[in-house]
Amino acid sequence: MAAARGRGDADERNAAGALQLGSLREHLRRLCMDWPRQLAVSSHREALAAQAMSQLQHCPAFVAPLLPSNTTAGEAIPGLLDWLQHAVLRMPASQWLARWERDPQAWSIEWAGQSEGWLAELFRGMPAVADRVLPAADLEPHAGAASLRELADALQESPAFVRQPLWRGACAETGPWNRLNRPAGPRLDSPRLRLGARLAEAVRLALPDGARRSGAQWLASGSLALGPGEALAWAEMARGLLVHHVRLDNQGDAARVDSCRVLAPTEWNFHPAGALAAALERLSAEVAPTRQREVALLMAAYDPCVPYEIEPAWLEEAAHA
């Protein structure tokens with residue numbers, strides 16, 4: 001809104017702090033609340049879920065206020081790093097992240113095999129589908145002003161774009177594995193590595209200086225004025241790139257919103273022709289416990305943010321008969 005009104009009064013430092021703290025909290029909720037239910041084998045599910053929830057209840061990140069300007073969660077929240085190292089990783093966080101950045105695939109398997117923690121057990125017991133390649137284009141329109149304007153044009157041309165978006169004519173995906181400021185390395189192109197990328201981002205955000213990389217914020221965000229009374233704003237959040245586009249009817253103090261469009265990460269990652277849809281189509285249609293765990297793993301890797309149900313194909317066919 002500030003950009004659309006031609007004002008520079010948005011507090012970007014406080015916004016960056018709120019973004020990293022909110023994203024850290026969201027990652028920890030998914031790790032502790034959803035993953036035991038989605039990824040554990042049925043015989044261990046209740047026990048692992050109870051362990052994870054017990055640990056989450058003592059997490060310092062959820063009792064902290066908004067971060068002071070120009071600080072990170074790891075700097076400003078006492079006990080956060082100790083909690084993460086004891087309750088989740090069972091090892092020093094800086095060491096875990098360094099090994100992950102060196103070789104994500106090898107380290108995720110090695111750590112899971114040697115750690116006795118509840119989260120390592122979830123990684124250790126993943127079904128074979130965890131290592132299938134999920135090829136898709138990275139979503140990076142926020143890399144420059146020209147591509148942001150291109151995205152804004154697409155948003156304006158069709159109201160349906162926010163429901164089934166395409167980037168330059170193709171499906172794209174977004175998440176912690178393709179941040180603008182990510183380190184160079186192999187593509188994180190399997191469910192195991194996508195889940196590992198979510199854990200790695202939580203670790204990074206909990207480290208004292210982990211939310212900064214080479215002088216830039218790890219989670220990038222910004223806004224771009226597109227013309228009088230019109231602007232685009234974007235942020236890399238826990239589930240991926242979030243975009244808002246607004247147009248105002250004038251620029252005065254009584255300005256009203258003429259249009260507002262929100263493009264959420266879910267619409268990219270759960271596109272009916274996207275990488276996740278293709279991965280689900282490759283699974284057997286049989287509704288069995290093994291198949292349900294495979295679907296749950298794929299869904300957790302992309303994080304739909306909403307509940308989902310699994311139904312056999314014949315049920316849908318009968319509904320349309």
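In this predicted model, E236 is buried, its relative accessible area being 1%, because a residue counts as buried when that value is under 20%. The residue belongs to strand β6, which spans residues 230-237. Its surroundings are drawn from several parts of the chain: leaving aside residues up to four places away in sequence, E236 touches L19, S23, H142, R179, L180, W218, L219, A220 and L241. Two polar contacts of its side chain can be described. One is made with the side chain of H142, at 2.8 Å. In the other, a polar atom of the E236 side chain lies 3.0 Å from the backbone nitrogen of L180. The separation between E236 and Q20 is 216 residues in sequence, yet their C-alpha atoms are 9.3 Å apart in space.

The pair E311 and W218 gives another case of sequence and spatial separation. These residues are 93 positions apart in sequence, and the distance from C-alpha to C-alpha is 39 Å. W218 is one of the residues touched by E236, whereas E311 is placed in the loop between α12 and α13. E311 counts as partly exposed, with a relative accessibility of 48%; this class applies because the value falls between the limits of 20% and 50%.

The nonpolar interior was examined next. In soluble globular proteins, nonpolar side chains tend to be buried together. The largest nonpolar core of the model holds 69 residues, and the members that touch the most other members are L28, W96, L119 and L199. Helix α9, residues 191-206, supplies the largest share of this core, namely nine residues. A second core, separate from this one, has 19 residues, among them A154, F161, L226 and L241. L241 is also a contact of the buried residue E236. For W96, the contacts beyond four places in sequence are L89, M91, W107, W111, G196, L199, A200 and V203.

Helix α9 packs against other helices. Its axis lies 8 Å from that of helix α12, residues 289-302, and the angle between the two is about 40 degrees. This angle makes α9 oblique to α12, and their crossing is left-handed. On the α9 side the contact involves P191, R194, L195 and R198, which meet L297, L298, A300, A301 and Y302 of α12.

The packing of α9 with α6 has an angle of about 80 degrees and an axis separation of 10 Å. The two helices are therefore roughly perpendicular to each other. Here α6 contributes P104, Q105, S108, I109 and W111, while α9 contributes R192, L193 and L199. L199 thus takes part in this contact and is also named among the members of the largest core that touch the most others.

Helix α6 also packs against α5, with axes 6 Å apart and an angle of about 135 degrees. These helices are therefore oblique to each other. The residues of α5 that take part are W96, R99, W100, E101 and R102, and they meet P104, W107, S108, E110 and W111 of α6. P104, S108 and W111 appear in this contact and in the contact of α6 with α9.

The loop between α6 (104-114) and α7 (118-124) contains S115. With a relative accessibility of 10%, S115 counts as buried. Its side chain reaches the backbone nitrogen of G117 at 3.3 Å. Beyond four places in sequence, S115 touches L89, R90, A120 and R124.

R90, one of these contacts of S115, lies in the loop between α4 (80-89) and α5 (93-102). R90 is partly exposed, with a relative accessible area of 41%. Although R90 is not a glycine, its phi is positive, at about 60 degrees. D303 likewise is not a glycine and has a positive phi of about 60 degrees. D303 is placed in the loop between α12 and α13 (313-319), and this residue is buried, with a relative accessible area of 10%. The loop that holds D303 is also the place of E311, which counts as partly exposed.

Methods. Residues are numbered from 1 along each chain as its sequence is written. This is a predicted model: local features need pLDDT of at least 70, side-chain atom pairs count only at pLDDT 80 or more; totals for chains, interfaces and linings use all residues. Side-chain values use heavy atoms; hydrogens and water are left out. Helices (H or I, at least four residues) and strands (E, at least two) are DSSP runs, numbered from the N terminus. Buried means under 20% relative accessible area, exposed over 50%, partly exposed in between (1.4 Å probe, protein chains only). A polar contact is a pair of N or O atoms within 3.5 Å; within protein, one must be able to donate a hydrogen and the other to accept it, and residues adjacent in sequence count only if both atoms are side-chain atoms. Contact means heavy atoms within 4.5 Å. A nonpolar core is a set of buried Ala, Val, Leu, Ile, Met, Phe, Trp, Tyr and Cys residues joined through side-chain atoms within 4.5 Å. Axes are lines fitted to C-alpha atoms, for helices over the stretch in contact, and angles run from 0 to 180 degrees between N-to-C directions. Angles under 35 degrees count as roughly parallel, over 145 as roughly antiparallel, 65 to 115 as roughly perpendicular and the rest as oblique. A crossing is left-handed if the near helix is turned anticlockwise from the far one by less than a right angle, and right-handed if clockwise.
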